[in-house]
Amino acid sequence: MTEPTDRTDATRTDDVKHMKWWGWGVEGVGFRHEDKPGFAPFVQKAIGLDLWAGERTERPDFSRLRVPVSTASEEFVAVLGGIVGAGNTVVDDLSRVVHTYGKSLRDLVRIRAGEIARSPDVIVYPADEAEVQSVIDASVEADAVIIPFGGGSNIAGSLEPHMDESRVVVSLDLGRLNRVLEIDPDSGLARVQAGALGPDLEAQLNRDGWTMGHFPDSFTHSTLGGWVATRSSGMQSDKYGDIADIVKGLRVVRAGGVLVIRAVPSASTGPSVREMVVGSEGRLGVITEVTVQVHRLPEKRAIHAYFFKNLDHGLAAMQKIAESDVSPSVTRISDAHETAFSLATSKESKGIQKTAQTGLMAYLKRRGWSVDEMCLSFIGFEGDEAHVKRQKSLVDRIVRKHHGIGVGKGPGALYDQKKFDTPYIRDFLLDRGAAGDVSETAGPWSKLRGIHAAVYEAADRAYEKIGHAGWTMSHMSHSYHSGACLYFTFAFVFGDDPLGEYDIVKRAIQQAFINAGGTISHHHGVGLEHAPWLEEDISTEGVAIMSGLFGAADPGGNFNPRKIVV
């Protein structure tokens, strides 16, 4: 066994990182369009928003928020403080607001409007598993509600207390449990505390030459425990697997004891308890430690860009890649709408680069391509030099058979550099009175084109219903032998009823997933947001089994109640 060399004392509460209370990310970081000449015209055409004429809303003023008064008694707070230390138990309004919601569009609209029906009553920052156990035991004895909190990035309503919850609500922040504890180099297994944020986790692994290879869009502001609790997927899941594939062992604190899942390659021990915990969103206990599969850092890593004449050609190529012996780390293709968006967010090209781009477009037009239909794809390769070269050669052959062309590593490098910045665009639009949000699904290859068409049709009907011009775009983000994930983004300018209009569009898209043979969510979880469609997805008996599991495991309903199923 090896252990990372940095062995400092437990993180202090003051060192735990949180996003700003009213938006994504940290202060001072945001999306700018002035250096992207194509963006403002694109937005004007897509949703009718004039970025030059429109005024940005004022930054939300925390002093105007009406935060519900904490219902936690001084005695109960003192009990918790006696476990974790008085300085690690907080009841101030800012901390409670930060821990109230995740970062969905619905969450941000409400928080900016000052709509806080119910906040956690007390925030607790335990330093280790023993303190988590004591906090849980004290909370259950007091019949309090326990909501685990990682990075706060969830967009499915998995974090907020129910508005009519009358019991004391404890937000159990895992931010101090942020260390890689041990690495087994023979097995490629690493024991990691659940509160580790993505960048901190990778930095600790990288120092010893390892990577977990899990990079969701929320990577910079989400935690390992949160990934497990919501069944996350990463941008490189084609190679490393989804989080359910990466997780090999677990420690989950429950009332009176710890659920321990040992890290073994495979087991025939009845229904998989490990699988029950993955995606459980805090309903079965608090995840404190995860044993994950890690890999040696690759010698070479490259992401290449390709263009396809249209989405049909592109999806057919992605399917053939998935069926072949090729093992890329990323297979992603944007539809024509998202390709246009990507090109509009590029900075102005100059000199040789501009000449090359102009020449490429002229060449494609001569081949009979329509700029309005072509699709941009990114395919990633990892390994030693020979392996990467061989893999790319095989992919290039498939791409050519499906009338695609390679355009080099430049666009791929830019995508790799900016891949975690997309959520800032949502905040940028929200600042200007417009919605920009996402929904994702998965389906078999045979149904992907039907799902794609059904979502566009449903969204267009919804835009017509709310009376606003809307924009829909999509990309295929994760490939499997049997199918893939389709990730949709939709946008429109708000009218007089932002959340009412949002609900009409969001519900139309979610129902289209079900009607066309997809699932309600591929990697964002269920929470409150997607729960209305769960029965249509997994059947009445599926919901009954899940409800029975949660009811038997937590008869008092203390662990994040009403999420996934009531």
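This is a guided tour of a predicted model of one protein chain, with a suggestion at each stop of what to select next.

**The whole chain**

Begin with everything shown as a cartoon, where the protein chain presents 20 helices and 18 strands. The radius of gyration is 24 Å, close to the 24 Å that the globule rule gives for 566 residues, so the chain is as compact as a globular protein of that length. If you turn the model along its principal axes, the C-alpha atoms fill a box of roughly 75 × 60 × 50 Å. Switching to a surface view, you are looking at an accessible surface of about 24,100 Å², of which carbon and sulfur atoms contribute 52%. Beneath that surface, 56% of the 566 residues count as buried. Among contacts with a separation of 6 or more, 78% join residues that are 24 or more positions apart.

**The cores**

In soluble globular proteins, nonpolar side chains tend to be buried together. To see this chain's largest nonpolar core, which has 76 residues, select Phe-39, Ile-47, Met-318, Val-395, Met-476, Phe-492 and Val-505, the members that touch the most other members. Then add helix 17 (residues 445-466), which supplies the largest share of this core, with 10 residues. Apart from it lies another core, of 52 residues, which can be located by selecting Val-292, Leu-364, Trp-369 and Val-543, all among its members.

Return now to Phe-492 and display what surrounds it: leaving out residues up to four places away in sequence, Phe-492 touches residues including Ile-47, Ala-434, Ala-435, Tyr-463, Ile-466, Tyr-502 and Val-505.

**Helix 18**

Two of those partners, Tyr-502 and Val-505, are also among the buried residues of helix 18, so select residues 498-515 next. This helix has 18 residues and reaches 26 Å from its first C-alpha to its last, close to the 26 Å expected at 1.5 Å a residue. Its buried residues include Leu-499, Glu-501, Asp-503, Lys-506, Ile-509, Gln-510 and Phe-513. What do the buried residues of helix 18 pack against? They pack against helix 4 (105-112), strand 16 (434-444), helix 17, strand 18 (483-493) and helix 19. Just after the helix, stop at Gly-517, which takes a positive phi of about 100°.

**Helix 5**

Move to residues 129-141, which form helix 5; at 1.5 Å a residue its 13 residues should span 18 Å, and its end C-alpha atoms are 18 Å apart, which agrees. At the start of the helix, show the side chain of Asp-128, one oxygen of which reaches to within 3.2 Å of the backbone nitrogen of Ala-130. Within the helix, the buried residues are Glu-131, Val-132, Gln-133, Val-135, Ile-136, Ala-138 and Ser-139. Just beyond the helix, Asp-143 takes a positive phi of about 55°.

**Phe-559**

Keep Ile-136 of helix 5 in view and select Phe-559, which touches Ile-136 as well as, among others, Ile-146, Val-253, Arg-254, Ala-255, Val-286 and Asp-554. Phe-559 lies in the segment after helix 20 (540-553). Is Phe-559 buried or exposed? With a relative accessibility of 2%, Phe-559 counts as buried. For a view of how the chain brings distant parts of its sequence into one region, draw a line from Phe-559 to Val-170: they are 389 residues apart in sequence, yet their C-alpha atoms are 9.9 Å apart in space.

**Two residues with a positive phi**

Most residues other than glycine have a negative phi. Two exceptions can be visited here, beginning with Ser-539, whose phi is positive at about 85°. Ser-539 sits in the loop between helix 19 (534-538) and helix 20, and is partly exposed, with a relative accessible area of 37%. The other stop is Arg-562, in the segment after helix 20, where phi is near 75°. At 29% relative accessibility, Arg-562 also counts as partly exposed.

**His-214**

For the last stop, select His-214 in the loop between strand 7 (210-211) and helix 7 (224-230). Although it belongs to a loop, His-214 counts as buried, at 1% relative accessibility. Its side chain makes a polar contact, at 3.0 Å, with the side chain of Ser-232. Setting aside neighbours within four places in sequence, His-214 is also in contact with residues including Phe-219, Trp-227, Gly-241, Ile-243 and Ile-246.

Technical notes. Residues numbered from 1 in each chain as written. Predicted model: local features only at pLDDT ≥ 70, side-chain atom pairs only at ≥ 80, totals over all residues. Heavy atoms only, no water. Helix = DSSP H or I, 4+ residues; strand = E, 2+ residues; numbered from the N terminus. Expected span 1.5 Å × (residues − 1). Buried < 20%, exposed > 50% of the residue type's maximum accessible area, 1.4 Å probe, protein only. Polar contact = N/O pair within 3.5 Å; in protein donor to acceptor, adjacent residues only side chain to side chain. Rg over C-alpha atoms; globule rule 2.2 N^0.38 Å. Contact = heavy atoms within 4.5 Å. Areas by Shrake-Rupley, 256 points an atom, 1.4 Å probe, with all protein chains shown as cover. Core = buried A, V, L, I, M, F, W, Y, C linked by side-chain atoms within 4.5 Å.
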